[in-house]
Amino acid sequence: MLLYVLRRILATIPVMGVVALFVFLLLHLSPGDPAAVIAGDYATPADIARIRAQLGLDRPLYIQFFSWLGRVLTGDLGTSIFSDLPVSYLIGQRLEPTIALSVLTMLITVVVAVPLGVVAAWKAGTWLDRSIMILAVCGFSIPVFVLAYGMVFVFSMELQWLPVQGYKPINEGLIPFLRSLTLPSIALSAFLIALVTRITRASLLEILDEDYIRTARAKGITERKVLMLHALRNAAVPIVTILGIGVAFLLGGVVVTESVFNIPGVGRLVVDAILKRDYPIIQGLILAFSGVYILINLLIDLTYTFLDPRIRL
Amino acid sequence: MKTPLLCVSLALTVVVPVHAENVLRWASQGDALTFDPHAQNEGPTNTANLQVYEPLVKRNESLTKIPGLATAWETVEPTVWEFKLREGVKFHDGADFTAEDVVFSFQRAQSETSDFRDYITSVTEIKAVDDYTVQLVTDGPNPILPDQLTQIGMMDSGWAEEHSVTEPQDFANQEETYAVRNANGTGPFILELREPDVRTVMVKNPDWWGLDENPHNIDRIVYTPVSNEATRVAALLSGELDYVLDPPLQDLERIKNTPGLKVQSVNQIRTIFLGLNVGAEALESSDMTEANPFSDPRVRQAMYQAIDIDAIQQKVMRGNSIPAGIITSPGVHGYTEALDARLAHDPEGAKSLLEEAGYPDGFQATLDCPNDRYNNDEAICQAVVGMLGRIGIQVNLDAQTKSLHFPKIQNRETDFYMLGWGVPPLDSHYVFNFLYRSDGSWNATGFGDERLDELVQAMEQEVDLEQRDAMIAEAWDIAKESNAYLPLHHQVISWAMSDKLTLPIRADDSPRFYMARIAE
């Protein structure tokens, strides 16, 4: 098991290497000049050339790449071109809102979607099942920002129950913290809820047809216990897999949600950096996002052994 | 005995209300880049810095020069400007403001890494005559030096030395300097908290020298950058914000119709225009590989007259623009209404001009346009493309983000482009210097005129104001005649705010919060 984990971790290195190369090339080969943006409206070509030289942007690409890679391996993600702040500091500062939003979203997803999927599977074929599936389709179809703005209009502007934008850190109070994250996490979780509900339902339906379920029912075990104790545990593997894939969606969705709700997290940081061509931040963040995604999927693979003893790693 | 006492104390609580803090919450699209006053010469950065730091010469809401940290100024010799400094002014940390700080600040603003160098290239020496008198020596007579100093904030030399920020923020050593997130100025507000791209908080400076003249009641300013337009407007409409600097044009009506909110508009000192590559032998981006249609003045005039700027004003700008006849706006010295008269919109006449010039079937060209810099920039370009199409000129529109668009102009990689030009010193020389001089750094038109170059040189040093004005007028005539640039319109800026807030709008789009009042 330990060997398995080590092997998996080693395997991430070439993956990250490819990601790093890809990100670097994508940025540096695409048009756009951060030096021109820094230099500002009234700059002269001489100013811009000077800034390019200072930033090291006039060196050959491969030198820039290896120089950056070398620093990353020692933990130095570079310095933001625009604010002169170290990228690792910026990421650290902006991590809390994103993690809070992501965790809250996942919590809402699991708490809402799994029971909904179970009910849908249990009452398969009835109007309850149909309505839940219709809700799921809506959740798939509505883009995050449409739902977000719709909710802002109803709950923030008309009813004035929740704030339009912004984020309150948890040390400013639990209630303001939760209030500021309510609409964003609902908007973000809609798609995931739809996804997890459907998978839960499908997975459960398959299992409810199995022989051992019939045996359990024949033994006289209550339907509730059959569902919760026997069926759900076996259905867990696909559900957890989907949650892992959901993290990828979350990483992307966080970008949109943070921009709409003006939450100062890493999602908004990457959007702002892309618009300004702040290479160090973009590179650092994409590496970080990829790393997180790989790590989470590794963790999910590890949980399989707990969920299903038949899976040996 | 107890009851009257109770009544009295109850009455007092009604009569003497607890004074709550007046907080001004505002937002705009882009945050300041730094709080180092000499590092980045850029709109939002200067706006933020100039609440905390002050220049020697300020501008009031009509953009007239008024005393700032200097109370008087005059030329004591042709190349020497003498400034008398305001006495009794203290920096936020308690240090005194003296001539030493002025000398230090200007030298700092002239260093390699300062973005404000270009304002004071003419200054060769800065001398402290005594504690409250400073002399700036220029390389030749410079009649408009005070106009060029309105964006340069004064720093305390002692504070700068203590925190090792005697040089402006330097990108080369890639280290954050203390001045990026900390400030110590003489201004009406003190920087309390700076989280770049997240939040900036300033509090009232109770010891500010200008409080008598400007008794503002803003205790705290909280600025949040909100890059998403819809979110910014929604926050204003829901009451979360008191002031938005840059509401999108399409929401102005909605804001005006919302009770409790108002919109103020003024013409900005920024004109939007199209540049034409008149100097090239042949156009890169056209199907005309043998000749350059733009080099023919008749073609340029035809294009000018094909554009229906009133339609653009009505439909694209929803009334929020002022059609222009030259590429600089009212408020800039040298502008006259006569100069601002446009050629008539005449598509038929334009077509015959094109035929006359030898292009009866028109030609192709590519128009480069930014899509996130000026008000409705891309939409204006789309309208222009349509209008030029009507006279036979097929235009491909290439609209891109500003970080891609502006380098094209600077690297002379465009034949036909949109540009907007603001004029901080409020003098025509600034326009000629960058846009019309044959080697002007932003002149991608290839236009050059010997006489105009001579005039630009001469007006830099002419101290006789009448003579200088005549030079400016002559230069404008040459410029206007050439049609190297096709003027479009002067931008109108609008500020949206709560009815409880009084804040006079400024044509330089840069609020001064000591002029604000919140109604109790």
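In which strand of chain B is the place of L367(B)? In the predicted model considered here, L367(B) falls within strand β14 of chain B, which covers residues 364–370. The residue has 22 C-beta neighbours inside 10 Å and therefore counts as buried, the threshold for that class being 20 or more. When neighbours within four places in sequence are left aside, the contacts of L367(B) are with C381(B), V384(B), V385(B), V395(B), L397(B), D398(B) and F416(B). V431(B), by comparison, is separated from L367(B) by 64 residues in sequence and, from C-alpha to C-alpha, by 22 Å in space.

A second position in chain B, T133(B), belongs to strand β7, which spans residues 133–138. With 16 other C-beta atoms within 10 Å, T133(B) is classed as partly exposed, because this class lies between the limit of 12 or fewer for exposed residues and that of 20 or more for buried ones. Apart from neighbours within four places in sequence, T133(B) is in contact with E82(B), K84(B), L85(B) and A99(B). Between T133(B) and D368(B), which are 235 residues apart along the chain, the C-alpha separation is 49 Å.

The confidence assigned to chain B varies among its elements. The mean pLDDT of the chain is 90, and 95% of its residues score at least 70; among the elements, helix α1 (residues 2–15) has the lowest mean, 55, whereas strand β11 (residues 243–244) has the highest, 97. Where pLDDT is low, the predicted coordinates should not be read in detail. For the complex, the predictor gives an ipTM of 0.81 together with a pTM of 0.82.

Chain A contains 12 helices and 0 strands. Its C-alpha atoms fill a box of roughly 85 × 55 × 35 Å along the principal axes, and 36% of its 313 residues count as buried. Of the contacts in chain A with a separation of 6 or more, 73% are made by residues 24 or more positions apart.

Within this chain, helix α4 (residues 61–73) comprises 13 residues and reaches 18 Å from its first C-alpha to its last, which is close to the 18 Å expected at 1.5 Å a residue. G75(A), which follows α4(A), has a positive phi near 95 degrees.

The packing of helix α5 (residues 87–122) of chain A against α11(A) is described by an angle of about 130 degrees and an axis separation of 7 Å. The two helices are therefore oblique to each other, since angles from 65 to 115 degrees count as roughly perpendicular and those over 145 as roughly antiparallel. On the α5(A) side, L90(A), I91(A), R94(A), L95(A) and T98(A) take part, and these meet V266(A), G267(A) and L269(A) of α11(A). The residues of this contact comprise 5 nonpolar, 2 polar and 1 charged.

At the interface between the chains, 38 residues of chain A are in contact with 34 residues of chain B. On the side of chain A that touches chain B, at least two residues are supplied by each of α2 (34–39), α3 (45–55), α7 (144–158), α10 (223–261) and α11 (266–276). The largest share, 5 residues, comes from α3(A). By residue class, this side of chain A divides into 20 nonpolar, 12 polar and 6 charged residues. Helix α11(A) thus appears both among the elements supplying this side of chain A and in the packing with α5(A).

Definitions and conventions:
Residues are numbered from 1 along each chain as its sequence is written. Chains are lettered from A and ligands numbered from 1 in the order in which they are written. This is a predicted model: local features need pLDDT of at least 70, side-chain atom pairs count only at pLDDT 80 or more; totals for chains, interfaces and linings use all residues. Helices (H or I, at least four residues) and strands (E, at least two) are DSSP runs, numbered from the N terminus. Two residues are in contact if their C-beta atoms, placed from the backbone, lie within 7 Å. Ala, Val, Leu, Ile, Met, Phe, Trp, Tyr, Cys and Pro count as nonpolar, Asp, Glu, Lys and Arg as charged, and the others, Gly among them, as polar. The expected span of a helix is 1.5 Å times one less than its number of residues. pLDDT is the predictor's confidence in each residue, from 0 to 100. Axes are lines fitted to C-alpha atoms, for helices over the stretch in contact, and angles run from 0 to 180 degrees between N-to-C directions. Angles under 35 degrees count as roughly parallel, over 145 as roughly antiparallel, 65 to 115 as roughly perpendicular and the rest as oblique.
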